[in-house]
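Trainee: I have a structure open and would like to learn how to read it. Where should I begin?

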Amino acid sequence: MKQEQAQIPVPDRAYTHGGIFHADDVFSAALLKYLNPQIRITRGMPAPGDEEGLVFDMGGGAFDHHQADRRYRKDGTPYAAFGLLWEAFGTRILCEEDAERFDREFVRKLDLSDNTGVPHEIAGVIHDFNPTWEESMEEQDRIFQELSDMAVKVLERRFCHIRAERSAYEQVRAQIRQQPGKILFLERALPWKEAVEGTDVLYVIYPSLRGGYSIQAAPVCAGSMELKKPFPESWRGRSREELTALTGILTFGFCHQSGFLCAADTKEDAVKVAEAAAR
C-alpha cells in the first residue's frame, strides 16, 4: 500500500460516471460505503470540477484507470478503480499481509475483467442488472445504489472470514509452540492447514461436528491435495469392526478411502490412531 495515499480521508461525498455500470464501480462504491457509511455517491457526467469529494472511475484522477498512463501491478495486472481504492484504503481494514492477499484473490480478478473483458462470474451478474435496450434507463441510478449496498454486505462477509482465518492461524501457531511434534490437538474445529505448513505436524485432531473426534492428515502445503503422510492403505474404507481388529483401538470407526481423514469416538483413541499412523 502506498504510504502517501494511506492518509487520504474518506469524504462524505463521492462521484462516479453515469450510464452503464460494472462490477468495478459497484465495488468501488461499496468499499467507500464500508469505510464511511455516511458517504453520498453521485453518478453523472462529466466529473465535477471544484466540488469537494472523491472522484472514481472517471475524471483522470488518482482513482481513474482509463488514461494512457494507467498503472499496473508487478505481475502485469492493470489497476481498475476498485484496485486503486483498495491500494489506498485496504490497510485500514485488514493487516498488510491480508490486504495484499485480498487484492490478489478478489480485487485483482475484478480489475482484470474490467480492463480486458476476461469473463468473471460476479462481473457478469452485476452487468445483467443493467437495462436491456428494450428497457428504460430511468431506474439505473437506483439499481446502482442497491447493488453497491449489496456489495457492501459481500465485502463485510469476506472481511469477516479473512479476520477469522487470521485469528485461527495465530491460535494454531500458538498451539504448535505448546505441542511440538507430529500430532496436534485442537480444542475446537477451526482452519489450521496454513498454520501447520512448514512444521513437523503430520496429523491434526479436533472435535467433530458430528460427534467424537476427527483425525486429519496434514497437506504438504495449504491448498495441496498431497499429504505429508496419508493414513495406511490397509485402513482405508474398512468397517469399524475391521479397523478395531487391525489396530486394537476400540472406538476407531472410520478411515476415508483417500487416506486423509479418520474418526474415533474418544480423544484418547483419536490420539492412538494418530500415533499408530505416525510410526
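Mentor: We will go through the sheet, a helix pair and the nonpolar cores. Keep in mind that this is a predicted model.

Trainee: In what order do the three strands of the open sheet stand?

Mentor: Read a sheet from one edge to the other. Here the order is E2-E1-E3, with parallel pairing. Strand E2 (40-43) and strand E3 (54-55) are the edges, each pairing on one side only. Strand E1, residues 13-16, is joined to E2 by four bridges, and Thr16 stands opposite Arg43 in E2.

Trainee: Which helix lies across E1 and E2?

Mentor: That is H6, residues 140-178, which runs at about 140° to E2.

Trainee: How do the axes of H2 and H4 cross?

Mentor: For a helix pair, take the distance and the angle together. The axes of H2 (residues 23-35) and H4 (residues 96-116) come within 9 Å and cross at roughly 145°. Ala23, Asp24 and Phe27 of H2 meet Phe106, Leu110, Asp111 and Asp114 of H4. By type, these contact residues are four nonpolar, three charged and no polar.

Trainee: Which residues have the most contacts inside the largest nonpolar core?

Mentor: In soluble globular proteins, nonpolar side chains tend to be buried together. The largest such core in this model has 39 residues, and Phe27, Leu32, Phe56, Trp86, Phe102 and Leu155 have the most contacts inside it. H6 gives the largest share, eight residues. As for Phe56, the residues it touches include Ala14, Ile41, Phe63 and Leu85.

Trainee: How many residues are in the second, separate core?

Mentor: The second core has 20 residues, among them Ile205, Ile215, Ala264 and Ala270.

Note on methods. Residues numbered from 1 in each chain as written. Predicted model: local features only at pLDDT ≥ 70, side-chain atom pairs only at ≥ 80, totals over all residues. Heavy atoms only, no water. Pairing = 2+ DSSP bridges. Helix = DSSP H or I, 4+ residues; strand = E, 2+ residues; numbered from the N terminus. Contact = heavy atoms within 4.5 Å. Axes fitted to C-alpha atoms, helices over the stretch in contact; angles between N-to-C directions. Nonpolar A, V, L, I, M, F, W, Y, C, P; charged D, E, K, R; others polar. Core = buried A, V, L, I, M, F, W, Y, C linked by side-chain atoms within 4.5 Å. Buried < 20%, exposed > 50% of the residue type's maximum accessible area, 1.4 Å probe, protein only. Lists of a residue's contacts leave out its neighbours within four places in sequence.
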